[in-house]
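Welcome to a short tour of a structure, written with the bench in mind. Please keep the sequence and the 3D view open as you read.

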Amino acid sequence: MNVDSASIDLGAAARRWTWLAYAYGLLVSAVLGYFLLGLVIQVSDSFGNLLAVQSVSLEDLVRDQFSQRGYLRPLLWAQVKIVYELAAGQYYLWFRGIHVIQVALLIGLCVRLMRPRTRLDAALVPLALAALIGSHTFAPLVREAFPINSFLTIAIACVVAANVAFGQRSRWYSDAAIVVLLVGCVLTVESGILIWVVCAVAYFLGARGVSRRALVAMTACLMTYVAARMLVLDVGAPSLAERASGFGFGILEPSDLIARFQERPWVFYAYNVASSISTVLFSEPKGGVWRFVWELTVGNIHPWTVVSVLSSTAASVLLLWFARRQRLWMRRATRTYEDQLVIVFFAVLVVNAVISFPYTKNVIMSPAGVFLSVAVYHAARAWLQDVARQRLVVSIVLFTVLTCGWAFRVAGNHYNLRWTAAEQRAEWVTVDQWLERQRITLRDDRAHALRDALRRDAVWNHATPFQPSSAWGRWFDIDW
Amino acid sequence: MTVSYALVALPPLAITVVLAGIAGAELAGAHPLTMGAPRSVSEAIAMRDEGAAARFVEDGASVTAIGLIRRGILSEQAVLATPAETAVLVDAPPALEFLASRGVVLSPNLACLAMDIGARAVRSRLGDLSSCRAGDAIREVLARP
């Protein structure tokens, strides 16, 4: 065999493993998509939003968002309005269809970022995708929608940005697209800033998929956004009175938050930032509540809690080992693609946590959760290639916890999708009482028609998926 | 080495295959690992499927009739209960709210049942009664032939 035919063979083998990895991603997407189609458009967070966009023109809707306090999300509402109009009554099909497509896109883009080429790579893709869809930061991306899950949009955009930034070279159209993506995402949800973080860190590390010119343009856009938000529109950040938030072992209502932190809000903000970092690395606290610690103190440990903490901790141990071994913070000249992606994960983690300072929620940390899965993939590959044989027992323990733990969490998230499907329909059964409680009046025939159409979809057109036996409940039934 | 790679992939792969099997079986009309669709208003409420309960009621089913809840759903034995009793047994205030909106009278006996089984959420809706004799209400439900 000469050199050319050998390299052709290697190329063909690499392609085979790449396609196998994508095929697995497709299978995971199809299964998750099937479970997602069991959900309907929810009453809370969705029906109210659809009513809000129903009788307002797109222009007015977007303009109104520029005078809000605490949030600046005009394109989030624009997206809901546009899809609502396009749906023309087919709300389930459009909104649920978009959710399924979003999830498939995210999974596909994550596999692309992993660049699987070998047998080992292909073997690690199931673990990495389990770390993606089994995470408690991923669960709200699929259990909720408003009725488009804007946090999922941002997570996808961040992975798109990483794929572009680590491309072979920049092109004018990819540069233009990434600037537009940043502007669109920042005006959708504040976490859109992370797109700039991904591109800037990648550039700093030597990746040239996004040009210097594009990065300057992105920086200018971002500075304009911050200046406009702070100085012109005076939007500010959500106040302590905005919403309840987890703290310690419980949830504090806005009045409690004001009573405890009005004089020194920075303590609460620092808690939120630290909690957000910790929740991605250790699955504890969740939503700011130290559930595992509390369960330990009362001696009543739930399997769901302990598995999540152990599996996340194992992933973090792997990442810290990788960072230490590769000397990520020092070895500038010889950094590999794997090193760069792990550094991007740490950068996204920190910035994601910092911009979550006003309140902590699992879903806000979803971009960091997504990059964790990719980082775990690369760190696991390095361990299995270089260390596994020398440290066999440690490897067996570490990978048993990792693979079994994350697989368990995947099963739990699917179980909870079934439970959510039933819960959403229960909301529709008593939607009129919900409207009363929220003091919402259906003002015209269109509003009544919308309620009737969505209720018909939930109760009649799309029956509740079969509910798992209650015997499984004690393993998975924790509502995060 | 190939074996160790396969072992790394196996747990998440196995879960995905099981979930794919469940999806495929459901599309083919089966219902593995579940009790299948509920068969009465009471059973729908017991399975926390208020959507199905509403469908039964809007299709003409009685909101007060005693219904069979198959074994394995509420307990190891089959249970005969009215929809309102079932809502108490699974501590589901939304189901109770739905039944009340459909004209079901929330009798004092339901409050006694809630106290018997420690259904906290519905107790806050129904209130406590001092006239309840502990255990009578739950015994009455379980004693049905």
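What follows goes through confidence, the main pocket, salt bridges, a few individual residues and some backbone details.

## Confidence in the model

Please bear in mind that this is a predicted model. It scores ipTM 0.91 and pTM 0.92. For chain B, the mean pLDDT is 90, and 98% of the residues in that chain reach 70 or more. As a general caution, coordinates predicted with low pLDDT should not be read in detail.

## The largest pocket

A good place to begin is the largest pocket, whose volume is about 1,500 Å³. It is lined by 48 residues, and those closest to its centre are A:Asp45, A:Glu144, A:Phe146, A:Arg243 and A:Lys361. Several elements of chain A give two or more residues to this lining, among them helices α2 (43-54), α8 (150-165) and α18 (392-429), together with β1 (245-247) and β2 (250-252).

What is the make-up of the lining of the largest pocket in nonpolar, polar and charged residues? The lining divides into 19 nonpolar, 15 polar and 14 charged residues.

## Salt bridges within chain A

Over all chains, the count comes to 18 salt bridges. One of them pairs A:Glu85 with A:Lys81, with 2.8 Å between the closest N and O atoms. These two residues are about one helical turn apart, because they sit four residues from each other in helix α4 of chain A. A:Glu85 counts as partly exposed, at 41% relative accessibility, whereas A:Lys81 counts as buried, at 7%.

You can also look for a network of salt bridges that links A:Arg73, A:Glu190 and A:Arg229.

## Salt bridges between the chains

Which side chain of chain B does A:Arg418 meet in a salt bridge? The partner is B:Glu26, at 2.7 Å from N to O. This pair crosses between chains, running from helix α18 of chain A to helix α1 (residues 2-27) of chain B. Both A:Arg418 and B:Glu26 are buried.

Another salt bridge joins the side chains of B:Glu97 and A:Arg437, at 3.2 Å from N to O. Here, too, the pair crosses between chains: B:Glu97 belongs to helix α5 (residues 93-101) of chain B, and A:Arg437 to helix α19 (residues 431-437) of chain A.

## Some residues to click on

A:Ser174 sits in helix α9 (residues 172-186) of chain A and counts as buried, at 16% relative accessibility. Its side chain reaches the backbone oxygen of A:Arg171 at 2.9 Å. A:Phe247, in strand β1 of chain A, is also buried, with a relative accessible area of 18%. Along the sequence A:Phe247 and A:Tyr359 are 112 residues apart, while in space their C-alpha atoms are 9.9 Å apart.

Is B:Arg71 buried or exposed? With 59% relative accessibility, B:Arg71 counts as exposed, since the cut-off for that class is over 50%. You will find B:Arg71 in the loop between β1 (67-69) and β2 (79-81) of chain B. Its C-alpha atom is separated by 17 Å from that of B:Ala87, 16 residues away along the chain.

## Backbone details

Most peptide bonds are trans, and most residues other than glycine have a negative phi. Against that background, a cis peptide bond joins A:Phe146 and A:Pro147, with omega about -5 degrees. A:Pro147 is in the loop between α7 and α8 of chain A, and A:Phe146 is one of the residues closest to the centre of the largest pocket. The bond from A:Glu284 to A:Pro285 is cis as well, with omega near 0 degrees; A:Pro285 lies in the loop between α13 and α14 of chain A. That loop also holds A:Ser283, which is buried at a relative accessible area of 0%.

Two residues that are not glycine have a positive phi. A:Asp45 has a phi of about 70 degrees; it lies in helix α2 of chain A and counts as partly exposed, at 43% relative accessibility. A:Arg115 has a phi of about 50 degrees. A:Arg115 is found in the loop between α5 (91-114) and α6 (119-133) of chain A and is partly exposed, with a relative accessible area of 30%.

Terms used: Residues numbered from 1 in each chain as written. Chains lettered and ligands numbered in written order. Predicted model: local features only at pLDDT ≥ 70, side-chain atom pairs only at ≥ 80, totals over all residues. Heavy atoms only, no water. 1 Å grid on protein atoms, 1.4 Å probe; cavity = no way out; pocket = protein on both sides within 12 Å on 5 of 7 lines; lining within 4 Å. Points joined across faces, edges and corners; volume = space filled by probe spheres on them. Nonpolar A, V, L, I, M, F, W, Y, C, P; charged D, E, K, R; others polar. Salt bridge = Lys/Arg side-chain N within 4 Å of Asp/Glu carboxyl O. Buried < 20%, exposed > 50% of the residue type's maximum accessible area, 1.4 Å probe, protein only. pLDDT = per-residue confidence, 0-100. Polar contact = N/O pair within 3.5 Å; in protein donor to acceptor, adjacent residues only side chain to side chain.
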